[in-house]
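Visitor: Please take a close look at the backbone of a single loop, and then lead from there to the way the parts of the assembly are joined. I should like the cut-offs stated as the terms arise.

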Amino acid sequence: MSTVTKQKRAVAINPTRSCAPIGAMLATYGVHGALTINHGSQGCATYPRHQMARHFREPIEVATTSLTEKTTIYGGRDNLIAAMENVYERYHPTMITVCSTCLSETIGDDITGIVDEFIEGHPDVDIPIITVNTPSYIGTHITGFDNFLKTVAVDFPVKDKPNGKVNIMPGWVNPGDIREIEAMTRKMGIEGIFLTDYSDTLDGGIYRPKPQFPKGGTTIEELRDSANSLATIALQKHVGGEAAEIYEKQYGIPAYTLPMPIGIENTDKFIKTLSKVTGREISEELRDERARLLDAIIDAHMFLTSLKVAIFGDPDVVEGLVRLAAEIGLEPKFALTSSDFKPWGEDMMKLSDELGLDMEIMMKSDLHELYKKIKEEPVDLIFGTSKGRFIEEDLDIPLIRMGFPIEDRFGYHRRAIVGYRGGIYLVDKITNAVLAKKGLVVSNTLLEKPVEGAD
Amino acid sequence: MLLKCDKTIPERKKHIVIKGENGCGGDSSGCEIACNVPTTPGDMTERGCTYAGCRGVVGGPVKDVIQMTHGPIGCAYYSWGYRPHLADSDFHMKYIFVSDIDESNIIFGGEKKLLQSIIEASKEFPEAKGVFVYNTCPTALIGDDGKYIAKAAQEKIGKPVVFFPCEGFRGVSQSQGHHVGNMTIFDTLVGSVEPEEDYAYSINIVGDYNIKNDEKTFEHLFEDMGVNIITRFTGNVSIDDLKIMHKAQLNVVHCQRSATYIADMMREKYNTPSINVTLWGISNMSNALRDVAKFFGLEKEAERIINTETAKIKPKIEYYKKRLEGKTVFIYQGAPRAWHWPDLMRELGMEVVVAATTFGHEDDYDKIFKKVKKGTLVIDNPNAMELEEIIETYKPDLFISGNKEKYLAYKLGTSFVNGHTYETGPYAGYSGMVNFARDIDRAINTPVWEMLREKAWPVKNNSNPEVV
């Protein structure tokens with residue numbers, strides 16, 4: 001029987017969450033030719049750029065209104081107007097996202113009003129400028145992404161002829177995940193509109209001459225056309241779930257909020273939903289992938305069954321990973337997120353009941369707390385981001401890196417953990433970590449160190 | 001001069017000067033450049049905020065205190081472990097602490113939560129010798145009295161609690177944060193204890209942050225010479241060492257942007273003399289040893305060390321020089337490295353053709369103009385578009401800058417070395433110079449650039465209209 005716990009401390013020590021603006025910046029990167037203006041202190045743009053560059057190893061460009069002491073007294077209007085002029089005239093982007101910060105929200109700038117004023121004063125400006133509220137003191141980094149999607153759902157879609165496509169909201173994932181989801185839809189002969197698609201913009205190639213904007217991304221036309229799709233599938237409840245509901249209410253498109261497609265059953269749900277809303281059969285290719293994942297799990301089960309695992313990260317990612325862990329015979333003992341999303345705790349309890357797990361579901365918690373728990377009650381493996389590195393090092397427990405950010409290893413942003421193929425990647429990765437750690441591998445069997453029963 | 005990409009922001013003209021043109025003399029007389037002023041709004045500047053300068057640069061390297069951010073989660077999260085100011089401590093760089101203010105704190109105030117956070121954190125980590133509290137934009141705006149809370153907390157936990165008023169919106173760049181860090185440490189810690197030891201032949205190394213263990217490359221040289229280092233401000237330093245900084249006979253100032261403040265304040269209050277040095281590069285390092293030696297009358301010892309050390313690295317440097325001779329460099333750093341490093345490039349047979357700083361002041365640019373040759377482009381606080389135009393126009397063989405600019409350089413097919421956090425490092429001292437040369441050689445002479453020039457495929461069937 002699992003329990004939900006919530007941290008009692010006021011101080012956060014090594015949290016697994018950051019603040020909202022980076023979410024809006026990431027989502028904007030998924031629209032071709034779009035740029036973000038961050039309305040706040042320079043650090044509010046520079047820090048997230050730095051963080052994203054460490055994870056994606058790509059140039060990350062975000063404009064800032066560079067608010068200073070004076071603007072905290074007189075307001076940031078002039079800076080924001082000047083910033084929009086600057087970005088529009090020099091870059092000619094396809095769209096501008098203006099996101100707020102603690103600073104601009106606390107001084108009470110009416111950002112939407114200032115944007116309207118700018119558009120009225122500039123009849124030549126023919127691109128959409130959207131505003132997303134992202135004060136750092138509300139929610140987490142995923143809140144910024146979620147708020148962006150809600151704004152898009154309200155502002156962009158234009159009802160027209162049915163397009164036969166499916167809107168897909170992958171959520172806060174990696175470029176490799178989006179590519180895998182796109183590949184799965186393609187294998188069923190379905191075309192998706194991705195809200196949004198940063199698979200190529202944040203994992204791009206070398207082109208000479210360098211294009212002004214990175215290749216790829218969802219187009220503004222696709223955003224407009226998203227009102228005419230067959231359905232909207234949100235693959236993260238907390239990043240896109242509510243936006244999908246807006247599509248249903250405003251444009252009459254059915255909304256499906258599914259668990260993140262990690263592992264067999266969650267991927268099945270996604271594939272079956274695709275099949276249901278389009279009437280298309282599940283393709284042979286996908287059936288083969290599923291069969292190979294099952295084969296991998298069977299091949300690995302003697303190494304993995306009943307090992308204990310601690311999982312931390314963003315709410316939807318953790319939920320998906322807990323199910324995958326259970327599917328491959330691991331025992332999730334701790335599932336931690338820094339967020340304070342009540343429904344997440346309830347969903348996790350339901351999941352735990354269904355799977356018969358005995359774990360501590362840690363809400364609004366942090367990695368220092370997890371460290372202390374693991375020290376008391378050791379686990380064999382940890383799933384999470386690079387931020388768990390110090391637990392891995394101190395307690396000598398393998399950390400299987402997944403999620404955002406991975407800043408101390410190479411190429412993880414290209415790998416998919418979603419879909420059947422993502423499942424195979426995870427099974428391989430996890431099994432290899434166990435084999436490398438545990439001892440002697442001979443003839444496809446493992447001799448664990450120290451030898452059981454020996455002195 | 002005005003770059004093509006800046007047509008609509010003509011105010012940028014004053015920030016871009018070519019040495020030897022338009023009143024800026026080839027002898028660097030009359031070279032004036034606009035700097036240390038607010039960024040043009042909407043620019044993709046590489047500048048950070050005052051909090052970043054204070055927490056990330058000056059306060060963060062102190063190894064045995066709880067690094068507490070008073071504010072929202074993001075400011076703390078982003079300052080976690082990205083700057084390699086290493087220390088010989090198991091506690092250092094591993095943790096971030098944040099009062100994690102939420103919407104209700106914005107309305108009702110965050111003071112109680114800060115006090116509680118300090119008390120809890122110090123209970124969790126009794127080995128910590130104090131607490132540094134950094135203020136952020138929203139907690140400053142709502143009027144939290146962090147200084148008062150720090151005082152109250154100090155009485156409760158019985159250890160120093162130092163409050164830094166470094167909210168992000170103060171100043172025009174992170175440079176203001178360095179200043180706040182210097183002033184706060186000087187006012188609250190320096191001279192707070194008076195040990196009765198003998199401090200003859202003692203110095204402080206001021207303005208070195210032990211990036212990738214830089215200090216390991218030069219500390220032993222000073223010590224071999226017969227000089228003791230009391231305090232490192234602030235690389236690999238204990239809070240206890242900051243308290244006795246005033247006992248040193250000489251301040252040896254390396255970063256002359258972020259740490260001159262404390263040397264000046266110490267001269268005023270304690271009559272501590274200071275000398276400016278550059279601890280990167282062969283001749284610079286030798287000059288630093290000579291200057292310190294001269295102060296203490298240890299000239300002979302200095303020459304002995306210089307001879308041994310330079311002889312050790314000479315063959316290696318000559319090897320790299322052969323491979324790098326004639327290459328051109330665009331160097332873009334926070335500030336002082338842009339004038340420290342042209343000497344190093346010359347020692348490797350290379351020449352700086354563009355120099356830029358993120359937050360340099362007038363004195364930094366004066367030094368840059370003196371160090372670079374005629375025809376060099378000097379630019380203040382460049383934005384992303386300017387960087388791209390300059391790289392495409394000047395086509396430097398090497399771009400030295402930071403993590404954010406690295407991948408832009410790569411997309412443009414330009415060799416790059418991270419001068420902020422170093423590729424491998426350390427880069428200071430004699431042995432560091434060999435590391436620096438090796439990293440530059442790796443960056444320039446790796447085979448991928450050849451593939452790019454000769455073997456890249458033309459883009460076919462490209463749906464992206466911007467790609468030619």
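Guide: A:Thr196 sits in the loop of chain A that runs between strand E8 (192-194) and helix H9 (220-225); helices (H or I, at least four residues) and strands (E, at least two) are DSSP runs, numbered from the N terminus. The model is predicted: local features need pLDDT of at least 70 and side-chain atom pairs pLDDT 80 or more, whereas totals for chains, interfaces and linings use all residues. Residues are numbered from 1 along each chain as its sequence is written, chains are lettered from A and ligands numbered from 1 in the order in which they are written, and side-chain values use heavy atoms, without hydrogens and water.

The peptide bond between A:Leu195 and A:Thr196 is cis, with omega of about -5°. A:Pro209 belongs to the loop between E8 and H9 of chain A as well, and the bond that leads to A:Pro209 from A:Arg208 is cis, its omega being near -10°. Most residues other than glycine have a negative phi, and most peptide bonds are trans. A further backbone feature is found at A:Asp396, a residue other than glycine with a positive phi, near 55°. A:Asp396 is placed in the loop between H16 and strand E15 (399-401) of chain A.

From these loops one may turn to the domains. Chain A is divided into domain 1 (3-12 + 285-448), domain 2 (21-155) and domain 3 (166-281), with bounds that come from an automatic or database domain assignment. Between domain 1 and domain 2 of chain A, the C-alpha centres are 35 Å apart. Contact (heavy atoms within 4.5 Å) involves 13 residues of domain 1 of chain A and eleven residues of domain 2 of chain A. The two domains bury about 1100 Å², 60% of it from carbon and sulfur atoms; buried area is the accessible area (1.4 Å probe) that two parts lose on being put together, summed over both. On the side of domain 1 of chain A, 49% of the area buried against domain 2 comes from A:Phe404, A:Glu407 and A:His413, more than any other three residues supply.

A:Glu407 takes part in a salt bridge with A:Arg54, where the closest N and O atoms are 3.1 Å apart. A salt bridge here is a side-chain nitrogen of Lys or Arg within 4 Å of a carboxyl oxygen of Asp or Glu, and the rule finds one across this interface of domain 1 and domain 2 of chain A.

The contact between the chains comes next: 73 residues of chain A meet 76 residues of chain B. About 6600 Å² is buried between chain A and chain B, and 60% of that lies on carbon and sulfur atoms. Nine salt bridges cross the interface of chain A and chain B. One of them pairs A:Arg17 with B:Asp100, with the closest N and O atoms 2.4 Å apart. The interface of the chains has 33 residue pairs in polar contact (both at pLDDT 80 or more); such a contact is a pair of N or O atoms within 3.5 Å, where within protein one must be able to donate a hydrogen and the other to accept it, and residues adjacent in sequence count only if both atoms are side-chain atoms. Several elements of chain A each supply at least two residues of the side that touches chain B, among them helix H2 (42-56), helix H4 (77-91) and helix H16 (389-395). H2(A) gives the largest share of that side, ten residues.

Chain B has its own internal boundary, between domain 1 (50-188) and domain 2 (202-304). Their C-alpha centres lie 27 Å apart. Domain 1 of chain B brings 23 residues to the contact and domain 2 of chain B brings 24 residues. These domains of chain B bury about 2000 Å² between them, 66% of it on carbon and sulfur atoms. B:Leu86, B:Asn182 and B:Phe186 account for 31% of the area that domain 1 of chain B buries against domain 2, more than any other three residues. One salt bridge is found across this interface of domain 1 and domain 2 of chain B. B:Lys129 and B:Asp240 form a salt bridge in which the closest N and O atoms are 3.3 Å apart.
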